[in-house]
Amino acid sequence: MRNKFYTLHILRRSLALSILVAPLLLTSCTTDYQPKPKGYNRLVLPKQEYRALPDSLPYQFEYSKYARLLKDTSWISERHWVEIYYPELKANIHITYKKVGGKEAVLKELMNDAYNLTSKQQIKANAIDETITQTPSGKTAIIAEIAGEVPSQFQFTMTDSSKNFLRGALYFNTRVQNDSLAPAIEFMKKETMHLINTLQWKK
């Protein structure tokens, strides 16, 4: 008899526990699940420390100590074309250089080519903001900042109008969308502006 009473007591406790737990289970099952947004790796930005280009080039500027100076290896590359590569950010400033030779027609053609290369970004660009700025040493640079999912977010041209013409373009070798790269893009714009502000012609 005592065993029956004990068994009945256990059954009642189990039933009471079931009645309390059931609503909680039902509530948790009907609650909308919200997936967590995708995370991105934290960007570690290099220190802003600089060094000079080697003397073998007809132009001079300062570039980051944390970047690599590479030769342009594309099939159209020329002798004085280089790349300033930031391995941690997978960012690259592509530099092309041409001699003007005092010919106005050559300069006009180079300026048109640079303009056309920037204009090609319009297909994917949200906006292209072009400005003309002067460097501390009095040189003039035409700068294009390009917003949107574009291959190059920042481009510039510089010339002394008679002997030298230089064009630069910033690229990121990654599939991460530009809105997620915003801190790195802003950092690289500052790095490119330092390059512009320290540019000197040797000839």
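Reader: Is Lys189 buried or exposed?

Author: In this predicted model, local features need pLDDT of at least 70, side-chain atom pairs count only at pLDDT 80 or more, and totals for chains, interfaces and linings use all residues. Residues are numbered from 1 along each chain as its sequence is written, and side-chain values use heavy atoms, with hydrogens and water left out. The relative accessible area of Lys189 is 14%. Since buried means under 20% relative accessible area, exposed over 50% and partly exposed in between (1.4 Å probe, protein chains only), Lys189 is buried.

Reader: With which residue of helix H3 does Lys189 form a salt bridge?

Author: A salt bridge is a side-chain nitrogen of Lys or Arg within 4 Å of a carboxyl oxygen of Asp or Glu. The partner of Lys189 lies three residues apart from it in helix H3, about one turn of the helix. That partner is partly exposed, at 44% relative accessibility. At 3.5 Å, N to O, Lys189 meets the side chain of Glu186.

Reader: Which residue is linked with Glu186 and Lys189 in a network of salt bridges?

Author: The structure holds four salt bridges. A network of salt bridges links Lys189 and Glu186 with Glu145.

Reader: How far apart in sequence are the parts tied together by Lys202 and Asp55?

Author: Lys202 and Asp55 form a salt bridge, with the closest N and O atoms 3.6 Å apart. Lys202 follows strand E11 (200-201) and Asp55 lies in the loop between strand E1 (50-52) and strand E2 (59-60), so the pair ties together parts whose separation in sequence is 147 residues. Strands (E, at least two residues) and helices (H or I, at least four) are DSSP runs, numbered from the N terminus. Lys202 is partly exposed at 36% relative accessibility, whereas Asp55 is exposed at 66%; the separation in sequence is 147 residues.

Reader: How far apart are the closest N and O atoms of Glu78 and Lys98?

Author: Glu78 and Lys98 form a salt bridge. Glu78 lies in the loop between strand E4 (68-71) and E5, and Lys98 in strand E6 (residues 91-99), 20 residues apart. Glu78 is partly exposed at 36%, as is Lys98 at 28%. Their closest N and O atoms are separated by 2.4 Å.

Reader: Which helix supplies at least two residues of the lining of the largest cavity?

Author: A cavity is a set of points on a 1 Å grid over the protein atoms alone where a 1.4 Å probe fits but cannot get out, and lining residues have an atom within 4 Å of a point. Among those lining the largest cavity are Glu191, Thr192 and Leu195. Strand E3 (62-64) and strand E5 (82-86) each supply at least two lining residues, and so does helix H3 (182-197).

Conventions. On a 1 Å grid over the protein atoms alone, a cavity is a set of points where a 1.4 Å probe fits but cannot get out, and a pocket is an open set with protein on both sides within 12 Å along at least five of seven lines; lining residues have an atom within 4 Å of a point.
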